[in-house]
There are 2 protein chains.
Amino acid sequence: MPANRRPRARAEKRDEIVAAARALFVADGYEVTPVSRIAAEAGVTTNTVYWYFADKDHLLVAVLEELLVEALSRYGSVAQAPLPEKIMFAVEELSSMHALVDTVHSRRASSPVIDEWHTGFHELADALTRADLPAENAEAASAEAASAIVAFVVEGLLTHPGDEAGRRAIVELLVSRLVSG
Amino acid sequence: MPANRRPRARAEKRDEIVAAARALFVADGYEVTPVSRIAAEAGVTTNTVYWYFADKDHLLVAVLEELLVEALSRYGSVAQAPLPEKIMFAVEELSSMHALVDTVHSRRASSPVIDEWHTGFHELADALTRADLPAENAEAASAEAASAIVAFVVEGLLTHPGDEAGRRAIVELLVSRLVSG
DNA sequence: ACCTGAACACCGTTCAAGT
DNA sequence: ACCTGAACACCGTTCAAGT
């Protein structure tokens with residue numbers, strides 16, 4: 001079957017590049033890993049990466065999408081749990097990409113793709129959070145503000161890591177005061 | 001007075017470099033402004049910058065210190081105001097450096113000086129916040145968590161700018177639920 | 001369509017040399 | 001002590017050329 005062997009190879013090679021980028025971005029950080037290293041790890045030349053991706057930022061978005069899809073697929077396991085559990089899950093789940101969170105924020109200004117992905121991510125997070133606000137709060141004018149606060153706290157917990165106990169105390173206080181107050 | 005003319009000139013030239021860096025960092029962003037442009041704006045050669053500063057990150061710290069000192073000196077004007085006013089002041093005041101906030105976070109991993117400054121800043125913010133927590137909350141075990149939440153929300157407001165009304169709604173909700181709850 | 005070798009433009013930083 | 005011209009090492013990206 002040489003007919004569809006090409007498209008297969010193409011998708012595979014793209015995936016290998018993304019896989020290499022993902023491993024290096026998560027382990028070492030985005031700004032610190034040269035495209036040349038990603039290419040080497042994926043077994044291609046540096047400029048081959050640019051045949052698959054417009055630039056390094058697009059490659060980052062591909063990695064972020066992969067990470068997000070996987071995290072979302074695991075989200076089902078806590079779908080029925082109370083809100084604090086869900087927030088803790090989100091924090092622990094996203095903590096592997098905590099360095100990427102900072103990268104996304106700092107590259108948002110110079111990269112339209114990253115900015116776009118960031119906006120989409122917050123819309124998703126907002127929808128997820130609102131779905132968990134109790135009915136009384138959900139329609140209230142404060143729903144928007146409450147959801148924003150939850151997002152800010154999650155981001156804060158990601159980028160300012162402390163110990164598990166501290167994180168839990170923050171989440172418990174947040175939920176008890178803000179949501180079920 | 002040629003005797004002390006040299007040290008004067010030194011301090012002045014250093015200040016000019018910091019001033020140039022500050023203007024460019026705030027207007028254009030840290031990662032986007034080359035040291036060469038800072039030098040040109042200050043009327044020196046690129047490598048002269050490296051006589052005054054170990055590297056670009058140290059220069060950023062000098063700028064941050066300047067910005068912080070000035071913000072702090074203006075803080076007196078709201079020292080007596082209620083907490084929501086203070087938080088809004090902090091947000092508006094720091095909003096001119098909102099891009100720098102992201103830069104600090106993303107460079108923390110690779111730059112010890114930046115990491116150090118970041119730690120110090122959060123300690124200061126924490127002390128300031130705790131001083132404003134009502135007595136009942138201040139000694140409570142939740143004081144630490146409450147202070148962290150305030151910091152996270154301020155950072156979130158800085159880096160995810162919305163309109164004034166939205167910001168105020170978030171701050172009002174935060175204070176009413178979290179502090180005076 | 002897919003991939004490469006070689007180059008370009010740029011940037012942070014250093015160094016030998018001057019005063 | 002202070003400053004410079006010139007270079008180094010590195011990086012993201014491009015391009016002409018191959019298959």
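A polar side-chain atom of B:Lys56 sits 2.8 Å from a phosphate oxygen of DNA strand C, and that's a handy way into this structure. It's a predicted model, where local features need pLDDT of at least 70, side-chain atom pairs count only at pLDDT 80 or more, and totals for chains, interfaces and linings use all residues. Residues are numbered from 1 along each chain as its sequence is written, chains are lettered from A and ligands numbered from 1 in the order in which they are written, and side-chain values use heavy atoms, with hydrogens and water left out.

**Around DNA strand C**

- There are 16 residues around this strand, and A:Thr45, A:Asn47, A:Thr48, A:Trp51 and A:Tyr52 come nearest (a residue is near a strand if one of its heavy atoms lies within 4 Å of it).
- Of the strand C atoms that come within 4 Å of the protein, 61% belong to sugar and phosphate.
- B:Tyr50 puts a polar side-chain atom 2.7 Å from a phosphate oxygen of strand C, and A:Lys13 has one 3.1 Å from a phosphate oxygen of this strand.
- Helix 3 of chain A gives the most to the surface near strand C, with four residues (helices are DSSP runs of H or I, at least four residues, numbered from the N terminus).
- That surface divides into five nonpolar, six polar and five charged residues. Here Ala, Val, Leu, Ile, Met, Phe, Trp, Tyr, Cys and Pro count as nonpolar, Asp, Glu, Lys and Arg as charged, and the others, Gly among them, as polar.

**Around DNA strand D**

- Now look at strand D: of the 16 residues around it, B:Thr45, B:Asn47, B:Thr48, B:Trp51 and B:Tyr52 come nearest.
- Phosphate oxygens of strand D are 2.7 Å from a side-chain N or O atom of A:Tyr50 and 2.8 Å from one of A:Lys56.
- With A:Val35 it's a polar backbone atom that lies 2.9 Å from a phosphate oxygen of strand D.
- The largest share of the surface near strand D, four residues, comes from helix 3 of chain B.

**How the two chains match**

- Chain B can be laid on chain A with an RMSD of 0.0 Å, using a turn of 180° and a shift of 0.0 Å along the axis (copies are superposed by least squares on the C-alpha atoms of residues with pLDDT of at least 70 in both).
- The two copies are thus related as by a two-fold rotation axis.
- The copies meet through the same surface, because 100% of the interface residues of chain B are also interface residues in chain A.

**Salt bridges and buried spots**

- Over all chains, the count comes to 24 salt bridges (a side-chain nitrogen of Lys or Arg within 4 Å of a carboxyl oxygen of Asp or Glu).
- B:Glu70 pairs with B:Arg22, their closest N and O atoms being 2.7 Å apart. B:Glu70 lies in helix 4 (residues 56-75) of chain B and B:Arg22 in helix 1, so the pair ties together parts that are 48 residues apart in sequence.
- In chain A, a network of salt bridges links A:Arg22, A:Glu66 and A:Glu70.
- A:Arg168 and A:Glu172 also form a salt bridge, at 3.5 Å from N to O. Both lie in helix 10 (residues 164-179) of chain A, four residues apart, about one turn of the helix.
- Helix 6 (residues 98-107) of chain B is mostly covered, with seven of its ten residues buried (buried means under 20% relative accessible area, exposed over 50%, partly exposed in between, with a 1.4 Å probe and protein chains only).

Conventions: Polar contact = N/O pair within 3.5 Å; in protein donor to acceptor, adjacent residues only side chain to side chain. Helix = DSSP H or I, 4+ residues; strand = E, 2+ residues; numbered from the N terminus. Contact = heavy atoms within 4.5 Å.
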